[in-house]
Amino acid sequence: MSRDRVALSAEAVAVAVRRMAAEIGDRARAAGAGPADLAVVGIRRGGVHLAERLRALLAKGGGTLPPIGTLDIALYRDDLAERGSAPVVGPTDIRFPVQGRTIVLVDDVLYTGRTVRAALSELVDFGRPRRVWLAVLVDRGGRELPIAADFAGARLEAGEGEDVQVLLREAGAAEDAVVVRRRAG
């Protein structure tokens, strides 16, 4: 018996990302955030590919390619002492001024809120954004911190004994999918 359940197919992932981009574009226009005010930042690893997709779709809808950046939150995690080993740190790359911008912070799955908290802590080291909107492909519930997604491609119910994994072609998957896996044991 397989421990995997496909929650979103490749087509459903594509539809969700297009809808999120449209919603972000609509909200940006309503908030008066012009193309020069908007930037997209992906949280490494899972949010980076989604950020790139959203950025491309926002450019199609608005005509201007917003700047993109990436955050690696390894050193901002609140569980560093509990992990016991040295964190594997990837690059953080933000080559545009954050100050005064509307930042779309992108991750693949929102669960406890701790990853987003760490990302916000790192982001403000680069300046004070005007506002930050959180976009996630999957909101699975189970929050430990008071953090909510502004844009979510899907909301899934997953138990504590389950993991939600986003598989993307850009990361080496055969096709896009969101899979819920039961943990062994």
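## Sheets, ring contacts and salt bridges in a predicted model

Glu162 stands opposite Arg182 in β8. This detail belongs to a model that is predicted, and the report starts from the sheet in which the two residues meet.

### The antiparallel sheet

Strands β7 and β8 pair in the antiparallel sense, and 6 bridges connect them. They are part of an open sheet of 3 strands, ordered β1-β8-β7, with antiparallel pairing. Its edge strands are β1 (4-8) and β7, each of which pairs on one side only. From one strand to the next, the twist averages 30°.

A salt bridge is also found in this region: Asp163 pairs with Arg183, and the closest N and O atoms are 2.9 Å apart. Asp163 lies in strand β7 and Arg183 in the segment after β8, so the contact ties together parts that are 20 residues apart in sequence. Asp163 is partly exposed, its relative accessible area being 29%. Arg183 is likewise partly exposed, with a value of 36%.

### The parallel sheet and helix α2

A second open sheet consists of 5 strands in the order β3-β2-β4-β5-β6, and the pairing is parallel. Here the edge positions belong to β3 (68-71) and β6, which each pair on one side only. Neighbouring strands of this sheet are turned against each other by 25° on average, with direction ignored.

Within the sheet, strand β2 (residues 38-43) pairs with β3 in the parallel sense over 4 bridges. Val41 has Gly69 in β3 as its bridge partner.

Helix α2 (residues 46-62) lies across β2, β3, β4 (102-110) and β5. The helix runs at about 155° to β2. Helix α2 also contains Arg53, which takes part in a salt bridge discussed below.

Beyond strand β3, the loop between β3 and α3 (80-83) contains Ala74. Ala74 counts as buried, at 10% relative accessibility. Its C-alpha atom is separated by 9.3 Å from that of Ala119, a residue 45 positions away along the chain.

### Salt bridges

Side chains of opposite charge can pair when their charged atoms come close. The structure holds 12 salt bridges, among them the three listed here.

| Acidic residue | Basic residue | N to O distance |
|---|---|---|
| Asp176 | Arg53 | 2.9 Å |
| Asp176 | Arg169 | 2.8 Å |
| Asp163 | Arg183 | 2.9 Å |

Asp176 appears with two partners: Arg53 and Arg169. Which residues do the salt bridges with shared partners join into one network? The network consists of Arg53, Arg169, Glu170 and Asp176.

Why does the pair of Asp176 and Arg53 tie together parts that are 123 residues apart in sequence? Asp176 lies in the loop between β7 (162-167) and β8 (177-182), whereas Arg53 lies in helix α2, so the contact spans that separation.

Are Asp176 and Arg53 buried or exposed? Asp176 has 3% relative accessibility and counts as buried. Arg53 counts as buried as well, at 14%. Both assignments follow because a residue is called buried when its relative accessible area is under 20%. Arg169, by contrast, is partly exposed, with a relative accessible area of 48%.

### Aromatic rings and charges over rings

A pair of aromatic rings is described by the distance of the centres and the angle of the planes. The count comes to 1 aromatic pair. Trp133 and Phe151 form this pair, with 5.9 Å centre to centre and 75° between the planes. The arrangement is edge-to-face because planes over 60 degrees apart are placed in that class.

The pair links distant parts of the chain: Trp133 is in strand β5 (residues 131-139) and Phe151 in strand β6 (residues 151-155), 18 residues apart. Both strands are members of the parallel sheet, where β5 and β6 stand next to each other in the order. Trp133 counts as buried, at 7% relative accessibility. Phe151 is also buried, with a relative accessible area of 2%.

The ring of Trp133 has a further partner in Arg27, whose charged end sits over the ring, 5.7 Å from its centre. Trp133 thus takes part in the aromatic pair with Phe151 and in a contact with a charged side chain. In another contact of this kind, the charged end of Arg140 sits over the ring of Tyr111, and the distance from the ring centre is 3.8 Å.

Technical notes
Residues numbered from 1 in each chain as written. Predicted model: local features only at pLDDT ≥ 70, side-chain atom pairs only at ≥ 80, totals over all residues. Heavy atoms only, no water. Phe/Tyr/Trp six-rings, centres within 6.5 Å; stacked < 30°, edge-to-face > 60°. Helix = DSSP H or I, 4+ residues; strand = E, 2+ residues; numbered from the N terminus. Buried < 20%, exposed > 50% of the residue type's maximum accessible area, 1.4 Å probe, protein only. Lys NZ or Arg CZ within 6 Å of the ring centre and 35° of its normal. Pairing = 2+ DSSP bridges. Axes fitted to C-alpha atoms, helices over the stretch in contact; angles between N-to-C directions. Contact = heavy atoms within 4.5 Å. Salt bridge = Lys/Arg side-chain N within 4 Å of Asp/Glu carboxyl O.
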